[in-house]
Every structure is written in structure tokens, then in C-alpha cells.
Amino acid sequence: MPHGPPAGGRRAAENGLRRRANLTTMFPLGDTNLDPAAALNQAHWDERVPLHLAGEFYDVAGFRRRPDVLRAFEVAEVGEVSGRRLVHLQCHLGLDSLSWATRGAAVVGLDFSAPAVEAARALAAELGVDARFVVADVYDAVEALGGETFDVVYTGIGALPWLADLHRWARVVERLLTPGGYLYLAESHPFAHTLDEATGTMVARDYFDEGPHVWTDTGSYADRLAVTAQNTTVQYDHRLGSVVSAIAAAGLRIEFLHEHDKALFAKFDTLVRGPDGFRPPEGRHRLPLMYSLRATKPGHPAA
Ligand SMILES: C[S@@+](CC[C@H](N)C(=O)[O-])C[C@H]1O[C@@H](n2cnc3c(N)ncnc32)[C@H](O)[C@@H]1O
């Protein structure tokens, strides 16, 4: 899988299952109301929700005891959220959303997977955390949220690879922001995705090939051996330049782009877990494994 955790138990690239998409050959139906890639991806995510609720990767039991999974760099870079309106795009199980809510933000989480949103709502109710969750495609977020605007648009690791059109996404983000509000984005670094998954030392993929890529992966990063049926996904390897350019073209002002030498999971088999993430072993060169970015909508909030 591109930037996020590997999508499944059998890594497509290692097993020769990865192939370049030819979506018109795969879906010759001509039904313009149905985005076949989105339908495949949604079915994939719907099926994985129960696995992720049960598995160790998301540690929902631990979250019930201590509902805060935010990484220290995100908390520092997003800044104070108490009393601020925050929308979390592609919120999945809502763990990050609820973590921002426990820090005092007025949170709305949005995801196109109904089972994911149901799980997030159930967890919020169980923990008594005040947060709203909405089922919608990210491209429809403005309409789904009734034109409501936010101080912070937050999006976390593994979100952008599912989106075909970064310019359309960035325009949605811009419309969701109140003047003076900002987008905060944390993602896996696209350079890391070019490296071989076993060692992370050899360039194995073309940095400039952004996709679409069709992947076939069984199981999930939360349960590699799980038996699953919805295994085909369509994903994108967006380059750093494409992401930054789309955000700038939407009219947001980039405040910073930080590159991090750690990952949140063992992207390569050789990475070593440390107190704040996974890095190459001692003596090996550092790699850009994640990046984070903040971009502000010009203007001042209405008084
Ligand atoms: C890797 S998960 C995000 C993980 C999140 N950062 C976390 O750790 O909880 C990707 C999420 O994006 C959602 N998603 C993918 N494409 C989407 C779209 N077009 N609109 C809304 N949600 C989408 C999926 O349902 C899934 O919950």
C-alpha cells in the first residue's frame, strides 16, 4: 500500500499482485453515477472496521482506558484546540477525533464508511465524549456538513492515498475553513514509499508514478491473517509537490512542511521501534518517513 500501513496480510508488491490500474477495462459499464474506485475502496474499509475494532493495532481497549492517541508532534504542531471547531476528515474509527475532543475541541469526524462512523459514535457515547460523526465522501463534506466552517481541518496518516483528485480535495478543505483557520495534515512520506519494503534501502518504485494503482491485499494491517473478501482497492501515490501545489492552488498559505525521520508503524521490516516511532537501525542513514504540514486560509475570523 502506498503511504499508510500495508493494506493487508499479503503485501501486494512482494507477491506480484500489484498491477497498474486500467479502470475503464475493469469497469466498462458506463454508469456515470457510480465511482467504481470509491465503491471498491468503501467496501474494503467497511469490511475492515470490525477487524480494526478487535485487533491490537488500534488497541481500542487501551483507548477506552486512556482516550488520547495523538502523537506528541501533532499536538505541538496543531496547537491549542480547546474551544475550537475541528473537523477530522477520513476519521475511520474516530480515535484521533475523540482524542481532539478530550482536549477540548468541538469535533466533527467524517468518513464514507458507515460501519466506521457507527463505531466512532458508539465509542463516543460509551466514553461520554462529546463529538459528532457524519457519513459522507470527503468530496461531499461541505454539503454533508451543511456549510458549517471550522477553525481546524485535521487529516491523519493514510488518508490521501485514497483520493484521486487532490485539487478537488483541497478546494473542499478551503471551503470547510473559517478565515484564519488552518489545515493540519500528517501523512506518510511519499519518498519512503519508493523504497523496498523488506529493507528500505533500495529504490523499488517510481516516485513519479502517482497511479491510480490497483492493489489486491487480503487481511488488514490490524490482522494480517484475517480472511477477507473485499481485497481490491484503488490508491494513489501522491508526490510531495502534488500535495503542496494542490493546497496552494486552493488559496491556502503554507506555514510549514516538516519532514520526520520516524514512522508510526514498521513500514519496512528493518525499522526499529523507539519511544516515539519506528526508525532505521543504529548506524543506518535516516529516512524521511512522515511529513506534516499546516496551511492557513487567509483572513480573520468574523468577530
Ligand atoms: C487509513 S484510514 C485513516 C486512518 C486514520 N488516520 C486513523 O489512523 O484512524 C483511511 C480512512 O479513509 C476513509 N476514506 C477513504 N476514502 C474516503 C473518501 N473518499 N471519503 C471519505 N472517507 C474515505 C476510509 O473509510 C478509512 O476510514
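Q: In what order do the seven strands of the open sheet run, and what is their pairing?
A: Strands of a sheet pair through backbone hydrogen bonds, either parallel or antiparallel. Here the order is β4-β3-β2-β5-β6-β12-β9 and the pairing is mixed, where a strand is a DSSP run of E with at least two residues and a helix one of H or I with at least four, both numbered from the N terminus, and two strands pair if DSSP finds at least two bridges between them. Because β4 and β9 (253-260) stand at the edges with a single partner strand each, one side of each is left without a neighbour in the sheet. Direction ignored, neighbouring strands are turned by 15° against each other on average, with axes taken as lines fitted to C-alpha atoms (for helices over the stretch in contact) and angles running from 0 to 180 degrees between N-to-C directions.
This is a predicted model, in which local features need pLDDT of at least 70 and side-chain atom pairs count only at pLDDT 80 or more, while totals for chains, interfaces and linings use all residues. Residues are numbered from 1 along each chain as its sequence is written.

Q: How many bridges join β6 to β12, and do these strands run parallel or antiparallel?
A: Seven bridges join β6 (residues 177-188) to β12 (residues 290-296), and the two run antiparallel; Tyr-184 stands opposite Arg-294 in β12. Helix α8 (residues 166-176) lies across β2 (85-89), β5 (150-155) and β6, at about 140° to β6.

Q: Which residues of α6 are buried?
A: An α-helix has 3.6 residues a turn, so residues three or four places apart point the same way. In α6, Ala-116, Val-117, Ala-119, Ala-120, Leu-123 and Ala-124 are buried, meaning that 20 or more other C-beta atoms, placed from the backbone, lie within 10 Å of their own (12 or fewer is exposed, in between partly exposed). Seen down the axis, these buried residues fall within an arc of 160°, so they line one face of the helix, the arc being that of the directions from the axis to the C-beta atoms. The face turned away carries the exposed Ala-125 and Glu-126.

Q: What covers the buried residues of α6?
A: The cover includes α2 (36-54), α5 (95-102), β3 (106-111) and β4 (131-135), with contact meaning C-beta atoms, placed from the backbone, within 7 Å.

Q: Which residues are closest to the ligand?
A: Of the 20 residues that surround the ligand, the closest are Trp-45, Gln-90, His-92, Gly-156 and Gly-158, a residue being near if its C-beta atom, placed from the backbone, lies within 6 Å. α2 gives the most to this shell, with three residues.

Conventions
Contact = placed C-beta atoms within 7 Å.
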